Amino acid sequence: MTAPEHLLEALEPVVAENLDRHLGVAQEWHPHDYVPWSQGRDFAFLGGEDWAPEQSQLSETAKAAMFTNLLTEDNLPSYHREIATRFGRDGAWGTWVGRWTAEENRHGIAMRDYLVVTRGVDPVELERARMDYMTSGYDSGDKTALEAVAYVSFQELATRVSHRNTGKVTNDPIADKMLARISKDENLHMIFYRNIVAAALEIAPDATMQAIAKEVIGFEMPGATMAGFRRSSMIIAKAGIYDLRLHHDEVIMPVLRAWNVFDRTDLGPEGEQAREQLGAFLEALDAQATKFVDRRAENRARVAARDDGVSPDIAS
Ligand SMILES: [Fe+2]
Ligand SMILES: [Fe+2]
């Protein structure tokens, strides 16, 4: 059995193979194609008009989601540092780190151009928030390479779901198309990392299971440290763009199933213990998700009843 510290080398051929597969399926696309440039005009600095809230066609929910998603994409230098220091700059790992970074950069370019041209959000507020968030940076702590690759398997899928569902609430077919395009990239990133973890499970089942359990139990979105994240993530959850139910059903469980986590027979006592902890955590997460969805449905019913002028007691 390969010791975890030699895992990166042991996984190199799998990385090379998946890099080739990725390059074969990833389609070229251009951020400028997704930006309605004809809607653009100068700001006051060049003699035009500065941004005002009434210029935005986006709902408060769409604004909060796009703002959060774009800032998350903006912190790319931090994520690059996170994976470059763990995966290295040599061989297939290094090529992947470069390619992944270049692809991710497209997401921020497309979203920023779209938001500035359509005046979807306040560009001054956006720029100040970017400065703050990038200055403090993102730090995932002392994750090992194995933990990092487990974490990003979930995180890429989480951003896929979040971009996709944000597109739906924008009420703009252009933004929807752009965010669907970005989600496709996130899905391919997820598949790449998921395949690496699947190979790690074969090479070092116990250490990999421990890493998976740790990352699921301690999962946090990379944007969790940005200013106003709690408020924005509440808006995002209320709108069903990203909530505990989606996190459990569409992010965590499909990936765990793809790894055959619950039916594996190759675990030793340490792996087995990690799997049990994971199982207990997932049960609690599922219960919490149900509670959240029930409460949200009650709140929506209450708001609908109030808007209809009916008291909630009579309506229920
Ligand atoms: Fe991205
Ligand atoms: Fe991604």
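This report describes a metal site, a pair of packed helices and two loop residues in a predicted model.

## The iron site

The iron ion (ligand 1) is held by donor atoms from Glu73, Glu104, His107 and Glu186, at 2.0 to 2.5 Å. Glu73 appears twice in the list of donors, each time through OE. Glu104 and Glu186 also bind through OE, while His107 uses its ND1 atom. Along the sequence, the donor residues follow the spacing E-x30-E-x2-H-x78-E.

A second iron ion (ligand 2) lies 3.9 Å from the iron ion (ligand 1). Glu104 coordinates both ions.

## Two donors in helix 4

Glu104 and His107 are both part of helix 4, which covers residues 91-118. Three residues separate their positions, about one turn of the helix.

Buried residues have under 20% relative accessible area. Glu104 is at 5% relative accessibility, so Glu104 counts as buried. His107 has a relative accessible area of 0% and is therefore buried as well.

## Helix 1 against helix 7

Two packed helices are described by the angle between their axes and by the distance between those axes. For helix 1 and helix 7 (residues 173-203), the axes come within 10 Å and cross at roughly 150°. Angles over 145 degrees count as roughly antiparallel, and helix 1 and helix 7 are therefore roughly antiparallel to each other. The crossing of helix 1 past helix 7 is right-handed.

On the helix 1 side, the residues in contact include Leu7, Leu11, Val14, Asn18, Arg21 and His22. On the helix 7 side, they include Leu188, His189, Phe192, Asn195 and Ile203. By type, the residues of this contact divide into 14 nonpolar, four polar and one charged.

## Two loop residues

Is Asn75 buried or exposed? Asn75 is in the loop between helix 2 and helix 3 (76-87). Its relative accessible area is 1%, so Asn75 is buried. Leaving aside residues up to four places away in sequence, Asn75 touches Tyr133, Met134, Gly137 and Tyr138.

Phe45 is also a loop residue, placed between helix 1 (7-25) and helix 2 (60-74). A residue counts as exposed when its relative accessible area is over 50%. Phe45 is at 81% relative accessibility, so Phe45 counts as exposed. Phe45 and Asn18 are 27 residues apart along the chain, and their C-alpha atoms are separated by 48 Å. Asn18 is one of the helix 1 residues in the contact with helix 7.

Conventions
Residues numbered from 1 in each chain as written. Chains lettered and ligands numbered in written order. Predicted model: local features only at pLDDT ≥ 70, side-chain atom pairs only at ≥ 80, totals over all residues. Heavy atoms only, no water. Helix = DSSP H or I, 4+ residues; strand = E, 2+ residues; numbered from the N terminus. Buried < 20%, exposed > 50% of the residue type's maximum accessible area, 1.4 Å probe, protein only. Donors = N, O, S within 2.8 Å, 3.2 Å for Na, K, Ca; no water. Axes fitted to C-alpha atoms, helices over the stretch in contact; angles between N-to-C directions. Parallel < 35°, antiparallel > 145°, perpendicular 65-115°, else oblique. Left-handed = near helix turned anticlockwise from the far one by under 90°. Contact = heavy atoms within 4.5 Å. Nonpolar A, V, L, I, M, F, W, Y, C, P; charged D, E, K, R; others polar.
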